[in-house]
Amino acid sequence: MKQIALVGSPNCGKTTLFNVLTKSNQRTGNWAGVTVEQKIGEFKVGAERVELIDLPGVHMLTDCPLSIDAKVTNDYLKNAQPDAILLVIDATQLRRQAELIPQLLATGRPVVIALNMMDALADHGLELDLTELKLLLGERLVEVSAAKQTGLKALEKTLELALTSTPAPATEDGDDCACQPLPRNELSLEGLISAVDKATTFTGEPTLTERIDRWLLHPALAIPSFLFVMYLLFMVSVQFGAVFIDFFDIWLGSWIVEGLRWVLAGFGSPAWLIAFMADGVGAGLQLIATFIPVIGALYLCMSWLEDSGYLARAAFVIDGVMSRIGLPGQAFIPLIVGFGCNVPSVMAARSLSSTSARLTTIFIAPFMSCSARLSVYVFVGSAFFPEQAGLAIFSLYLLGILVAVGSAWLLRKTLFGRYHEPSILEMPSYRRPVWRNVFTQAGHRLHSFMLRAGKRIMLVVIVLSCLGAVKTDGSWGAPGSSDSALAWIGKKLTPALTPMGIGEDNWQATLGLFSGLFAKEVMVGTIQTLYTREDADVNADAEVPMPDFIGDLGAAFTSVADNTKAMFGLEPVPDADADVPLIADNPIGNLFPSAWAAFCFLAFVLLYAPCVATLGAMQREAGSGWLRFSLIWSLMLSYWIASNLWQLSLILQQPLYSSLWFIGSTLVLALVYWLIVKRVREKHLGEINVINIA
C-alpha cells in the first residue's frame with residue numbers, strides 16, 4: 001500500500017484534514033523509541049487505497065538542535081521514502097509556514113500543498129491573490145477548507161497525479177548531519193517569499209483574535225483569566241462526568257459483579273473462584289468503567305481548549321512567571337502534557353535546548369496531576385466532598401502547580417542560577433473548535449488511557465481480592481478482611497503515616513499508597529477492594545439471590561436524571577438511604593477522621609512519588625543521580641506538606657505539638673535538601689551537564 005506523509009506546522013489544521021480524509025479508518029501508537037503519538041489512517045485516492053501518515057507538527061526541518069518532533073519528522077522523510085508528501089499550510093499564516101515548501105521539495109518526493117483555512121482569511125483581515133504563487137508552484141497548490149470540507153475533490157485528484165508521477169532525485173549537500181539544513185531544489189526561498197508577499201493584502205481591520213487577546217492577554221487580566229479557565233476545565237469535567245458515574249457503578253455492579261456471583265454460586269463454585277471472578281474480574285471491570293465519564297470529560301475539555309488556540313496562549317501568559325523560576329515559557333507545554341500522563345511530559349522536555357531548563361522540567365513534571373491521579377481524586381472526593389468535588393480537585397491541581405513552581409525556584413537559587421535565553425512562542429489564531437477533531441482526539445486519548453490503566457487495575461484488583469481474602473491463619477475470608485495477611489502488612493506500615501491524618505485502623509489507605517508506586521491508577525483498585533465491608537463474607541454454601549437485572553438497569557438510568565437535576569440544583573443529591581445508591585456511599589467514609597484528613601491524603605497522593613513508568617523515563621532522560629534527587633525530594637516534600645496540613649487542623653487542640661512538628665519537620669526537610677544538593681554538586685552535576693538526550 002502506498003504511503004502519503006502528512007506534514008505541517010502546529011495549528012495549521014493538519015489534524016482536521018487528517019480526520020476528514022481518513023474518517024474512522026485510523027490507528028494510533030507511538031513512534032519507535034520515542035513517546036510521540038503516531039497516527040496512521042487509510043483513504044481512497046482514485047481507485048487505490050493509501051495510507052496517510054500524520055507526522056508531528058514542525059515549523060521547519062532545520063532546527064538546530066532538533067526538537068524531538070522535528071527529529072521524528074526528519075528521520076521519517078529521510079528513511080521511509082513516502083510515495084508523496086502532503087503539506088498543509090494555514091492560509092492565514094502563509095508567509096511563515098511557506099518556509100517548509102523548498103525544504104520538502106528538496107527531498108525529491110512528489111509534494112502536494114493544501115492551502116488550508118481559506119474560509120478564515122476575512123476573519124484575519126487578509127486577502128490572497130494566488131495568481132503568481134500558482135505560476136511558481138504549479139498544480140501542486142490546492143485551496144481547501146478542512147473544517148468546511150471544501151476543495152477535497154481537487155485535493156484528491158492532485159494527490160492521484162502525485163502518486164503516479166516519477167519522483168525526482170533528492171539534491172545532495174554532502175553532509176548528513178541532522179542539524180544541517182535540508183538541501184533545496186531550484187525553487188529558492190527568497191523567490192517564494194517574494195511571491196507570498198505580493199499575494200497577501202492586509203485589510204487593516206482588527207481581527208477577532210486581536211480583539212479577544214486585548215482582554216485575555218492584558219497584563220492585569222491574563223493570569224486571573226488563565227486560573228479561571230483552568231478552574232472551569234476541572235469543574236466542568238468533574239461535575240459533568242460525575243453525572244454518569246453512578247450509571248456505570250449500578251449497572252455493571254448488578255450485571256457483572258452480582259451477576260457473576262449468582263451464576264457461579266448456582267453452579268456450586270468454590271469460594272476462591274467466586275472471589276476471583278466476581279470480586280476480582282467483575283469488580284475490576286466495574287471500577288474501570290466508572291473512570292470513563294470524568295476522564296473522558298477532562299480529555300474533551302482539554303481537546304476543546306487545544307483546538308481553540310488557547311493553550312498556546314497559556315504558555316505565553318505564564319512565561320513571565322516561568323522565567324522567574326529559571327524556565328522558558330516553552331516548558332509550560334510539557335507540563336500541560338503532564339495533566340494527561342507524566343511519562344510523555346518527561347519525554348517532551350527534550351524539546352528544550354537548555355540543559356538546566358530541561359532537567360528542571362523533568363524534576364517538576366511529576367508534580368502535575370495526571371489522569372491516573374484524577375481517578376483517585378474522584379473516588380475519594382465523591383465520598384467526602386460530593387458537592388464540592390470540582391473545587392477540591394481544582395485545589396489539588398493548583399497545589400501541584402505551586403509545588404512545581406516552588407521546586408523550580410529552589411533549583412534556580414541553589415543549583416542552576418538564572419535562565420537568560422529568550423522565549424519564542426507561536427500564537428495561533430483563535431478559531432471555533434471542530435467537534436469532529438475534539439471528539440476524535442479525546443476518544444484516542446481516552447482509549448489509550450483506559451487500555452493502559454485497565455490492564456493494571458484489573459491485575460491489581462484480582463491479586464488483592466485473592467491475597468486480601470487469605471487470613472493469617474491460612475483460612476479463606478472476605479476480600480478486605482481485617483485479619484488477612486495483607487491487612488497485617490498494612491497495619492505495620494500505617495503508624496508512620498498517622499501524623500498526616502491516616503488513623504491506625506486505616507491500613508487500607510497505606511496499602512493503596514504502596515500499590516500507587518507501580519501505577520497511580522491501581523490505587524483505586526486497591527482502595528476499592530480493601531475497603532470492602534467485613535460483613536460481606538464469602539460463603540459458597542450460602543444461597544446467592546438473583547440480581548434484579550432490569551430493575552437495576554432502570555435505576556442506573558434514573559441515577560443519570562437525578563444527578564443531572566442535582567448538578568443544576570433542581571433536586572438534592574440522593575442520600576445513602578435512597579433506592580439509587582451513590583458511588584460516594586462506600587466504606588472509605590468511615591475510616592478517615594474527617595474530610596480534611598482525606599484531602600491531606602490526596603495531597604500526599606499528588607506529590608509523594610511518580611509511577612514506575614515515569615521513574616524509568618526520568619532515568620533515561622536525566623540519569624540515575626538526578627532521578628534519586630527527584631524521588632527523595634518528592635517523598636520528603638509530600639510528607640512535609642500532608643502532615644503539616646493535618647497538623648494545621650489540630651493547632652487549636654494541641655498547639656504545642658503542632659507547632660513543634662512544623663518547626664522540626666521543616667528543619668529536617670531543609671537539611672535533607674541541602675545534603676542532596678551538596679551531593680549533586682559534588683558527584684553528579686558534571687555527569688548531568690553532558691547527558692546525551694538525543
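## A guided tour, starting at Glu48

Select Glu48 first: setting aside the neighbours within four places in sequence, Glu48 is in contact with Lys2 and Phe43. What you have open is a predicted model, and the tour moves through it from this residue. Glu48 sits in strand 4, which covers residues 48-54. With a relative accessible area of 33%, Glu48 is partly exposed. If you add Lys2 to the selection, you will find that its C-alpha atom is separated from that of Glu48 by 8.8 Å, although the two residues are 46 residues apart along the chain.

**The whole chain**

Before going further, zoom out and colour the model by secondary structure, which comes to 25 helices and 9 strands in the protein chain. Of its 694 residues, 54% count as buried. Among the contacts in the chain with a separation of 6 or more, 76% are accounted for by residues 24 or more positions apart.

**Salt bridges around Asp54**

Now return to strand 4 and select Asp54 together with Lys14 and Lys39, three residues that are linked in a network of salt bridges. How many salt bridges does the structure hold? There are 6 in the structure, and the one between Lys14 and Asp54 has its closest N and O atoms 2.6 Å apart. Because Lys14 lies in helix 1 (residues 14-22) and Asp54 in strand 4, this pair ties together parts that are 40 residues apart in sequence. The other bridge to look at here joins the side chains of Asp54 and Lys39, at 3.7 Å from N to O. That pair also links distant parts of the chain, with Asp54 in strand 4 and Lys39 in strand 3 (residues 37-45), 15 residues apart.

Are the members of this network buried or exposed? Lys14 is buried, with a relative accessible area of 8%, Asp54 counts as buried at 5% relative accessibility, and Lys39 is buried as well, with a relative accessible area of 10%.

For another salt bridge, select Glu143 and Lys134, whose side chains meet at 2.9 Å, N to O. Here Glu143 counts as partly exposed at 35% relative accessibility, and Lys134 is partly exposed with a relative accessible area of 36%.

**Arg109, a buried charge**

Next, select Arg109, in the loop between helix 4 (100-105) and strand 6 (111-116). Which side chain of opposite charge is nearest to Arg109? It is Asp83, 4.9 Å away, and Arg109 is buried yet has no salt bridge. The cut-off for a salt bridge is a nitrogen-to-oxygen distance within 4 Å, so the 4.9 Å to Asp83 does not qualify. Show the backbone of Pro82 too, since its oxygen lies 2.8 Å from a polar atom of the Arg109 side chain.

**Helix 23**

Move along the chain to helix 23, residues 595-607, and place a distance between its end C-alpha atoms, which are 19 Å apart. At 1.5 Å a residue, the 13 residues of this helix should span 18 Å, so the two values agree. Helix 23 is mostly covered, with 11 of its 13 residues buried. Among the buried residues are Phe599, Phe601 and Phe604, along with Cys600 and Leu607. To judge which of its side chains lie on one face, it helps to recall a rule about helices in general. An α-helix has 3.6 residues a turn, so residues three or four places apart point the same way.

**Aromatic rings**

For the last stops, display the aromatic side chains, which form 19 aromatic pairs in the structure. One of them is made by Trp640 and Phe662, a tilted pair with 6.2 Å from centre to centre and 40° between the planes. This pair links distant parts of the chain, as Trp640 belongs to helix 24 (residues 612-649) and Phe662 to helix 25 (residues 655-689), 22 residues apart. Trp640 counts as partly exposed at 22% relative accessibility, and Phe662 is partly exposed with a relative accessible area of 41%.

Finally, select Phe247, Phe248, Trp251, Trp255, Trp262, Phe549 and Phe557 together, and you will see a cluster linked by ring pairs.

How values were computed. Residues numbered from 1 in each chain as written. Predicted model: local features only at pLDDT ≥ 70, side-chain atom pairs only at ≥ 80, totals over all residues. Heavy atoms only, no water. Helix = DSSP H or I, 4+ residues; strand = E, 2+ residues; numbered from the N terminus. Buried < 20%, exposed > 50% of the residue type's maximum accessible area, 1.4 Å probe, protein only. Lys, Arg positive; Asp, Glu negative; His and termini not counted. Polar contact = N/O pair within 3.5 Å; in protein donor to acceptor, adjacent residues only side chain to side chain. Contact = heavy atoms within 4.5 Å. Expected span 1.5 Å × (residues − 1). Phe/Tyr/Trp six-rings, centres within 6.5 Å; stacked < 30°, edge-to-face > 60°.
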